[in-house]
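Reader: I would like a close look at one helix-helix contact in this model, set against the background of the whole fold. Please take me through the geometry, the residues that meet, and the surroundings.

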Amino acid sequence: MSDTPFGFGLPPEEPDDGDEGKKKDQQSGGGQGPANPFGFGFPGAGGPGADNPLAAMFGSMNPNDLGAAFQQLGQMLSYEGGPVNWDMAKQIARQTVSQGAPDGSKDSSVGPAERSGVEEAVRLSDLWLDDATSLPSGAGSAVAWSRAEWVEATLPVWKELVDPVAERVGAAMGDVLPEEMQAMAGPLIGMMRSMGGAMFGTQIGQAVGVLAGEVFGSTDIGLPLGPAGRAALLPVNIEAFGKDLGVPKEEVRLYLALREAAHQRLFAHVPWLRSHLFGAVEGYARGIKVDTAKLEDVVGQLDPSNPEQLQDALQQGMFQPEDTPAQKAALARLETALALVEGWVDAVVHAAAKPRLSSADALRETLRRRRASGGPAEQTFATLIGLELRPRRLRDASRLWASLTDARGVDGRDALWAHPDMLPTASDLDDPDGFVHREHMDFSELDKMLGEAAGGSAEKPNLTKDEDRKDDDKGDSAE
């Protein structure tokens, strides 16, 4: 679980010019303070170090910008859509992308040569994967995206992921008042929900914008973020990732294309998998509870002239996942399923790349360590739904799939994706060899039953032979 109770906050970023940059940032109101469950600040609230994500939208304030800033603030507070202001999220994500990644690389349009290189890498990857898995190709097309194009293409799926959680919290913000008071407090409730939509939109936009500077394709977090059947790679991020590895650029691109193409096969040909993963997110959202006593106290004492009071209360963490068997089961289900997806991709890609790429082992370990270091993909996912995909689960799952390949072959291994009840559980990841052995015995029993059924149907030709012999006997006696 993430240490942040529910927050959509991101780690503070170091300014380019060190301590001087920090001072300037604090003076301009753009400094980031302690972790904030909603990560939402008010202009001028809190002094130096106050958390003010609005700076991501308004930039460094000056008198000439003040009118436009308040106009945007008015539009934000007048928002009447769903639980997340997705227009704001998109705007902030695009602005975050335009500022460049933490490594200093800037977004750029994809040229014809890069587009052709991605298409060729995905085509070759699919040929190699044919030997490593029984699942056929799942990529009907291959595309090369800029970071801005990745934001545009993935926002619909982020909406599907985040809205259930935000809806639950947004509803709680309006339910804390007694019914007899809700009619009188209508404007206040509406303002709180508008602010909630802005809070979520701001933080999601920042998170997605940062993530766009790090991902290699549409499946880096183990979920299908892009359109179905479309393998996607980001050439600018692949180049930034590979420049210090000492590995030929073509090999880096091929290895990452193998991972993208393998994910596409799995999500295309395991029809229940996507709904299984997203259903676990919804199950988690249903378990979100609100400390109503704390929220009622804040609303009852809310001073309109002191808006930072609400922010201070939110920082104390009102929104917590319930500590119930159902909530724990939802998280365990999602964590295990993601580990199985990532472990299968890891094992299949290694089998396809090992005989063909001299750098396969090094690239595999580099990507594993990148995940273990808690990169932006894991941090963002943990921030959005409170879940961290532990690297130990990935390695255990990969070892389990490799053992299954040795024991049953590629077809037997991939057959486990036929139904969710056939997959290993979290406890099975702790003992991969035990799962392989136990399941092997179960499948032997199933094979025995199938063999007996086949034997029963095979008796028909024997009966026919007996009947032929009877007919021959009749013929002999007739003679």
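Author: The model is a predicted one, and the protein it describes has 19 helices and four strands. Of its 479 residues, 48% are buried, and among contacts between residues at least 6 apart in sequence, 78% join residues at least 24 apart.

Against that background, the contact to examine is the one between helix α10, residues 249-269, and helix α15, residues 360-372. Two packed helices are described by the angle between their axes and the distance between the axes. Here the axes come within 11 Å and cross at roughly 60°, and α10 and α15 are therefore oblique to each other, since an angle counts as roughly perpendicular from 65 to 115 degrees and as roughly parallel under 35. As to handedness, α10 passes α15 in a right-handed crossing.

On the α10 side, the residues that take part are E251, V252, Y255, L256 and R259, and they meet A360, L363, R364 and L367 of α15. Sorted by character, the residues of this contact comprise six nonpolar and three charged ones, with no polar residue among them.

Two of the α10 residues in this contact, V252 and L256, are also touched by I238, whose other partners, leaving aside residues up to four places away in sequence, are F216, L233 and R253. I238 lies in helix α9, residues 235-242, and with a relative accessible area of 6% it is buried, because the limit for that class is under 20%. Its C-alpha is 9.2 Å from that of G217, a residue 21 places away in sequence.

A contrasting position is P112, in helix α5, which spans residues 112-129. P112 has a relative accessible area of 72% and is therefore exposed, while the C-alpha atoms of P112 and A144 are 9.6 Å apart in space, with their positions 32 residues apart in sequence.

Finally, the interior as a whole deserves a word. In soluble globular proteins, nonpolar side chains tend to be buried together. The largest nonpolar core of this model has 87 residues, and the members that touch the most others are W150, W158, L273, L277, W344, W401 and W417. Helix α14, residues 325-353, supplies the largest share of that core, namely 13 residues.

Conventions:
Residues numbered from 1 in each chain as written. Predicted model: local features only at pLDDT ≥ 70, side-chain atom pairs only at ≥ 80, totals over all residues. Heavy atoms only, no water. Axes fitted to C-alpha atoms, helices over the stretch in contact; angles between N-to-C directions. Parallel < 35°, antiparallel > 145°, perpendicular 65-115°, else oblique. Left-handed = near helix turned anticlockwise from the far one by under 90°. Contact = heavy atoms within 4.5 Å. Nonpolar A, V, L, I, M, F, W, Y, C, P; charged D, E, K, R; others polar. Core = buried A, V, L, I, M, F, W, Y, C linked by side-chain atoms within 4.5 Å. Buried < 20%, exposed > 50% of the residue type's maximum accessible area, 1.4 Å probe, protein only.
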